[in-house]
Amino acid sequence: MNRKTIAAAVVAVVAIGGIAYWTLGSANSPLQGSAVAAASDSKTITIWRDPGCGCCDAYADYLEGNGYTVTRVDDRDFDKRSVDMGVPERGIGCHLAEIDGYVVSGLVPVEIVERLVSERPDITGITLPGMPANAPGMAREKSGTLKTYAFGKDGVTVYSEE
């Protein structure tokens with residue numbers, strides 16, 4: 001191959017890559033529901049928590065034990081941040097998390113978080129309000145039923161009851 005042919009091939013590859021990126025959406029705007037964002041961020045989670053909360057650390061450890069990379073951010077005002085990010089006041093959990101463009105409030109079991117990022121519903125996020133004694137982070141393992149709620153532009157609905 002000559003230099004012109006190689007240069008044309010490189011331009012074609014870059015153009016096709018750019019079109020695919022533009023079509024699928026930017027990984028920096030995960031709320032679009034793009035496959036790029038789902039593939040790149042689905043095992044990375046940031047948790048804002050009260051620095052003295054032991055259950056938040058236990059929950060982060062639980063996520064790490066399930067293959068997640070967890071960034072813990074001390075934030076005594078995580079409840080205000082929760083409301084600012086769309087969590088209904090009555091639905092605030094014991095900490096706030098962000099994963100792949102979704103807000104997750106509370107001690108939500110990992111299988112529900114994974115369903116959220118794989119199904120990619122058109123919602124802002126999910127919450128498990130309060131500090132249920134049978135939730136991950138409070139108990140060694142989940143027992144009984146936990147009711148998780150979805151919230152977004154269409155209001156609040158039950159997301160999972162399992």
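**Entry 1: a tyrosine to start with**

I opened on Y62 and found it partly exposed, with a relative accessible area of 22%. I kept in mind that this is a predicted model. Next I looked up Y59, which is buried at a relative accessible area of 0%. Both tyrosines sit in helix α3, three residues apart, about one turn of the helix. That spacing fits a handy rule: an α-helix has 3.6 residues a turn, so residues three or four places apart point the same way.

How many aromatic pairs does the structure hold? I found one. Its members are Y59 and Y62, and the pair is tilted, with 5.8 Å centre to centre and 35° between the planes. The label follows from the cut-offs: planes under 30 degrees apart would count as stacked and those over 60 as edge-to-face, so the rest are called tilted.

**Entry 2: stepping back**

I then went through the secondary structure and got five helices and seven strands. Along the sequence the pattern reads α-α-β-α-β-α-β-β-α-β-β-β. Buried residues make up 38% of the 162 residues. I also checked contacts between residues at least 6 apart in sequence, and 50% of these join residues at least 24 apart.

**Entry 3: the sheet**

In what order do the seven strands of the open sheet run? I read β2-β1-β3-β4-β5-β6-β7, with mixed pairing. The edges are β2 (69–74) and β7 (155–161); each has a single partner strand, so one side of each is left without a neighbour in the sheet. On average, neighbouring strands are turned by 25° against each other, direction ignored.

At one end of that order I followed β7 to its partner β6 (residues 147–152), and the two pair in the antiparallel sense over six bridges. One bridge I noted links K147 with E161 in β7.

**Entry 4: helices against the sheet**

Back to α3 (residues 54–65), the home of my tyrosines: this helix lies across β1 (44–49), β2 and β4 (102–106), and runs at about 165° to β2. Helix α5 (residues 110–119) also packs on the sheet, where it touches β3 (96–99), β4, β5 (125–128), β6 and β7. The direction of α5 makes about 120° with that of β7.

Which residues of α5 are buried? My list has V110, I112, V113, L116 and V117. Seen down the axis of α5, these fall within an arc of 165°, so they line one face of the helix.

**Entry 5: S160 in the edge strand**

I picked S160 in β7 and wondered whether this serine is buried or exposed. S160 counts as buried, at 3% relative accessibility. Leaving aside residues up to four places away in sequence, S160 touches I112, R115, L146, K147 and T148. I112 among these is one of the buried residues of α5. The side chain of S160 also makes a polar contact of 2.7 Å with that of E162.

**Entry 6: R120, just past α5**

My last stop was R120, in the loop between α5 and β5. This arginine follows α5 and has a positive phi, near 55°. R120 has a relative accessible area of 16%, so I logged this arginine as buried, the cut-off being under 20%.

What does the side chain of R120 contact? I found a polar contact with the side chain of D100, at 2.8 Å. The two residues are 20 apart in sequence and 9.5 Å apart in space, C-alpha to C-alpha.

Note on methods:
Residues numbered from 1 in each chain as written. Predicted model: local features only at pLDDT ≥ 70, side-chain atom pairs only at ≥ 80, totals over all residues. Heavy atoms only, no water. Pairing = 2+ DSSP bridges. Helix = DSSP H or I, 4+ residues; strand = E, 2+ residues; numbered from the N terminus. Axes fitted to C-alpha atoms, helices over the stretch in contact; angles between N-to-C directions. Contact = heavy atoms within 4.5 Å. Buried < 20%, exposed > 50% of the residue type's maximum accessible area, 1.4 Å probe, protein only. Polar contact = N/O pair within 3.5 Å; in protein donor to acceptor, adjacent residues only side chain to side chain. Arc of directions from axis to C-beta. Phe/Tyr/Trp six-rings, centres within 6.5 Å; stacked < 30°, edge-to-face > 60°.
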